[in-house]
Amino acid sequence: MNVGDMVEEFSLEDQHGDAVSLTALLENGPVVLYFYIKAMTSG
């Protein structure tokens, strides 16, 4: 991905187990997607 790329709509669970959609997050302003490797891996 590059800065400014568009992504498809998706939903994920928050820390409470509630589904949160990308669209719902965008209603509050810009969203930053951050990915990190799994802990204790060689990645």
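User: In what order do the elements of the protein chain run from the N terminus on?
Analyst: Helices (H or I, at least four residues) and strands (E, at least two) are DSSP runs, numbered from the N terminus. In this predicted model, the order in the protein chain is β-β-α, that is, 1 helix and 2 strands. Residues are numbered from 1 along each chain as its sequence is written. Local features need pLDDT of at least 70, side-chain atom pairs count only at pLDDT 80 or more, and totals for chains, interfaces and linings use all residues, while side-chain values use heavy atoms, with hydrogens and water left out.

User: Which elements of the protein chain have the lowest and the highest mean pLDDT?
Analyst: The pLDDT is the predictor's confidence in each residue, from 0 to 100. Where pLDDT is low, the predicted coordinates should not be read in detail. Here strand β1 (residues 11-13) has the lowest mean among the elements, 91, and strand β2 (residues 19-21) the highest, 94. The mean for the protein chain is 85, with 98% of its residues at 70 or more.

User: Why does L25 count as partly exposed?
Analyst: Buried means under 20% relative accessible area, exposed over 50%, and partly exposed in between (1.4 Å probe, protein chains only). L25 counts as partly exposed because its relative accessibility is 40%. This residue is found in helix α1 (residues 22-26). Of the 43 residues of the protein chain, 5% count as buried.
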